[in-house]
Every structure is written in structure tokens, then in C-alpha cells.
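I opened my notebook to look up how charged side chains pair up and how helices meet. Here is what I wrote down.

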Amino acid sequence: MKNKLEELRKQRGIRQEELAEKLEVSRQTIGSLENGRYNPSIILAIKIARFFDLSVEEIFIYGEDIDV
């Protein structure tokens with residue numbers, strides 16, 4: 001799953017450490033999300049969306065090759 005997390009974070013001038021603290025996760029989790037090595041839980045995806053005042057769909061992009 002691709003996402004716009006790094007782009008959004010950098011646009012707002014927020015360090016990974018700061019975002020991790022706000023979302024109550026580790027900095028490593030933020031890095032893994034940004035690099036596409038980790039897909040968030042529904043709860044974490046919602047927390048991220050609320051933090052940026054966006055919908056989950058505006059941040060996380062489903063690939064067309066994913067079966068639903």
C-alpha cells in the first residue's frame with residue numbers, strides 16, 4: 001500500500017519523532033510506514049488521518065493489483 005505520509009509530514013515541517021510522539025508509536029513505525037514496509041492498523045490509519053485532518057483514503061492509496 002502506498003501512502004502520502006512522508007509528503008504530508010514534510011509539508012508541515014514535522015519530524016518523524018514528533019509525529020510518532022503525537023500518534024503514540026515509535027519513530028521506527030513512522031519510518032516503516034513512509035517506506036512502505038508496514039501497513040498501519042485501522043486504528044493507526046484513522047489517527048494519522050485525523051492528525052492531518054484528511055480522510056484515510058487521501059493518505060493511503062490502494063494498489064490496483066490488490067484483490068478485495
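**Entry 1, salt bridges.** I am working with a predicted model, and I found 5 salt bridges in it. I reminded myself that side chains of opposite charge can pair when their charged atoms come close.

**Entry 2, a buried pair.** I looked up Glu-34 and saw that Glu-34 forms a salt bridge with Arg-9, with 2.5 Å between the closest N and O atoms. Glu-34 sits in helix H3 and Arg-9 in helix H1 (residues 5-11), so this pair ties together parts 25 residues apart in sequence. Are the two residues buried or exposed? Both Glu-34 and Arg-9 are buried.

**Entry 3, a pair from loop to helix.** Next I checked Glu-24, which forms a salt bridge with Lys-47 at 3.5 Å between the closest N and O atoms. Glu-24 belongs to the loop between H2 and H3 and Lys-47 to helix H4 (residues 42-52), so parts 23 residues apart in sequence are tied together. I noted Glu-24 as exposed, at 68% relative accessibility, and Lys-47 as partly exposed, at 34%.

**Entry 4, a small network.** I also met a network of salt bridges linking Arg-15, Glu-17 and Glu-18. Within it, I read 3.6 Å, N to O, for Glu-18 and Arg-15.

**Entry 5, two helices.** How do helix H2 (residues 16-23) and helix H3 (residues 27-34) cross? Their axes come within 8 Å and cross at roughly 110°, and H2 and H3 are therefore roughly perpendicular to each other. I listed the contact residues, including Leu-19 and Leu-23 of H2 and Ile-30 and Glu-34 of H3. By type, the contact residues divide into 4 nonpolar, 2 polar and 3 charged.

Key. Residues numbered from 1 in each chain as written. Predicted model: local features only at pLDDT ≥ 70, side-chain atom pairs only at ≥ 80, totals over all residues. Heavy atoms only, no water. Axes fitted to C-alpha atoms, helices over the stretch in contact; angles between N-to-C directions. Helix = DSSP H or I, 4+ residues; strand = E, 2+ residues; numbered from the N terminus. Parallel < 35°, antiparallel > 145°, perpendicular 65-115°, else oblique. Contact = heavy atoms within 4.5 Å. Nonpolar A, V, L, I, M, F, W, Y, C, P; charged D, E, K, R; others polar. Salt bridge = Lys/Arg side-chain N within 4 Å of Asp/Glu carboxyl O. Buried < 20%, exposed > 50% of the residue type's maximum accessible area, 1.4 Å probe, protein only.
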